[in-house]
Amino acid sequence: MTTTTTETVLDARGVTMRFGGLTAVKNVDLTVRSGEIVGLIGPNGAGKTTFFNCLTGLYIPTEGEVRYKGTVLPPKSFKVTAAGIARTFQNIRLFNNMTVLENVLVGRHTRTKEGLWSALLRLPGFHKEEAASREKAMELLAFIGLDHKAEHLARNLPYGEQRKLEIARALASDPGLILLDEPTAGMNPQETRATEELIFAIRDKGIAVLVIEHDMRFIFNLCDRVACLVQGEKLIEGTAGEVQSDERVVAAYLGEPFEGAPGAEEAAEVEAAEEAAEAAEAAEAAEAAEAEASEAADAAEAADAEADSTTSTDGEAK
Ligand SMILES: Nc1ncnc2c1ncn2[C@@H]1O[C@H](COP(=O)(O)OP(=O)(O)OP(=O)(O)O)[C@@H](O)[C@H]1O
């Protein structure tokens, strides 16, 4: 069931990220409202993960601003998590030698108030909070269907369950928005289907979702809106139907040129400059050849003239 409120949870405006001469993300606007699942697609290297990193404080955008529920986000990832944005990564980042439950408890730390001394000295406040955290973590494990494996080591879980555990750990920080970076990468069709159901259930808990994925069937089934990045720029944003039927999106994925493609103007400028340079070189070569030919003609004429004068002198001598 989709919630009906339309509070803007995430508001990214004019986000640009440059690495030296490379502009990985260029002037991207994106909003996510409560109750929404928004997809971010684009060919490899389009800037999707870089954009996520700009949203979560891992990168400070070169230009632009990111707001969460109206407040500009601090440029530190732990502060962004505390503000209410959680994320998972493209490559699984679990604590392999910790149990499933402990991994979720780690994700809970931004929501615990008792400090280090309280934990070290095992003060009553710490015990109370620890019990509450465990209860919350077990609830989350039940939600993702892994409560029966709470005491297993994370490294012993099958791949699909490790991905689920990452999501549970992100949920442990009580986010209002969760960013998922390729949550179905490497999954079989059954695991992908289960992840789809899990994301719907997360949305039904009132948590907004922004998801990067290459699996188009998954993304178009799942998302209320989809934005497509190409060469760092947002090419199109719309409903799954609108994006799916846009020929430019297909062309961008196939690496085919299309009118108005991001980066196409720069590419056309480079091509025109190369053509102009080639034409100038050819003209110069033609001019040099002409000069050489005329020099040769002059020399031939001079040789003829000399031959004539020799003949006439010889004639006189005879
Ligand atoms: N830290 C960095 N330093 C320099 N260049 C970077 C850095 N991070 C990303 N890039 C470059 O920025 C561009 C966008 O990369 P990014 O990983 O964001 O793309 P992506 O859309 O997530 O790709 P994929 O789908 O393959 O994960 C690429 O050209 C990449 O090489």
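In which sense, left-handed or right-handed, does helix 3 pass helix 6? In this predicted model, helix 3 passes helix 6 in a right-handed crossing. The contact involves Val100, Asn103, Val104 and Gly107 on the side of helix 3, and Leu165, Ala168 and Arg169 on the side of helix 6. By character, the residues of this contact comprise four nonpolar, two polar and one charged. Two packed helices are described by the angle between their axes and by the distance between those axes. For helix 3, which covers residues 100-107, and helix 6, which covers residues 159-171, the angle is about 35° and the axes lie 7 Å apart.

**The chain as a whole**

The chain holds eleven helices and ten strands, and of its 318 residues 40% count as buried. Among the contacts between residues at least 6 apart in sequence, 68% join residues that are at least 24 apart. The chain exposes about 17300 Å², and carbon and sulfur atoms supply 52% of that area.

**An open antiparallel sheet**

Strands of a sheet pair through backbone hydrogen bonds, and the pairing may be parallel or antiparallel. Here four strands form an open sheet in the order 2-1-4-5, with antiparallel pairing. Its edge strands are strand 2 (22-33) and strand 5, each of which pairs on one side only. Helix 1, made of residues 48-55, packs on this sheet and touches strand 1, strand 2 and strand 4, while its direction makes about 120° with that of strand 1.

Strand 1 (residues 8-19) and strand 4 (residues 63-68) run antiparallel and are joined by five bridges, and in one of the pairings alanine 12 has valine 66 of strand 4 as its bridge partner. Strand 4 is also joined to strand 5 (residues 71-72) by two bridges, and these strands again run antiparallel. In strand 5, threonine 71 is the bridge partner of tyrosine 68, and valine 72 is the bridge partner of arginine 67. Strand 4 and strand 5 form a hairpin with two residues between them, and lysine 69, which sits in the turn, has a positive phi of about 45°.

**Two buried residues**

Two residues, one placed in strand 1 and the other in helix 7, are set side by side below.

| Residue | Element | Relative accessible area |
|---|---|---|
| Threonine 16 | strand 1 | 3% |
| Glutamate 196 | helix 7 (residues 189-204) | 8% |

Why does threonine 16 count as buried? Its relative accessibility is 3%, and residues under 20% are classed as buried, so threonine 16 falls in that class. Leaving aside neighbours within four places in sequence, threonine 16 is in contact with Thr23, Val25, Lys26, Asn27, Pro61, Thr62 and Glu63. Of these partners, Glu63 belongs to strand 4, and Thr23, Val25, Lys26 and Asn27 fall within the range of strand 2.

Glutamate 196 is treated in the same way: its relative accessible area is 8%, and therefore this residue of helix 7 is buried by the same cut-off of under 20%. Not counting residues up to four places away in sequence, glutamate 196 touches Phe218, Asn221 and Leu222.

Notes. Residues are numbered from 1 along each chain as its sequence is written. This is a predicted model: local features need pLDDT of at least 70, side-chain atom pairs count only at pLDDT 80 or more; totals for chains, interfaces and linings use all residues. Side-chain values use heavy atoms; hydrogens and water are left out. Axes are lines fitted to C-alpha atoms, for helices over the stretch in contact, and angles run from 0 to 180 degrees between N-to-C directions. A crossing is left-handed if the near helix is turned anticlockwise from the far one by less than a right angle, and right-handed if clockwise. Contact means heavy atoms within 4.5 Å. Ala, Val, Leu, Ile, Met, Phe, Trp, Tyr, Cys and Pro count as nonpolar, Asp, Glu, Lys and Arg as charged, and the others, Gly among them, as polar. Buried means under 20% relative accessible area, exposed over 50%, partly exposed in between (1.4 Å probe, protein chains only). Accessible areas come from the Shrake-Rupley method with a 1.4 Å probe; for residues, only the protein chains shown count as cover. Two strands pair if DSSP finds at least two bridges between them.
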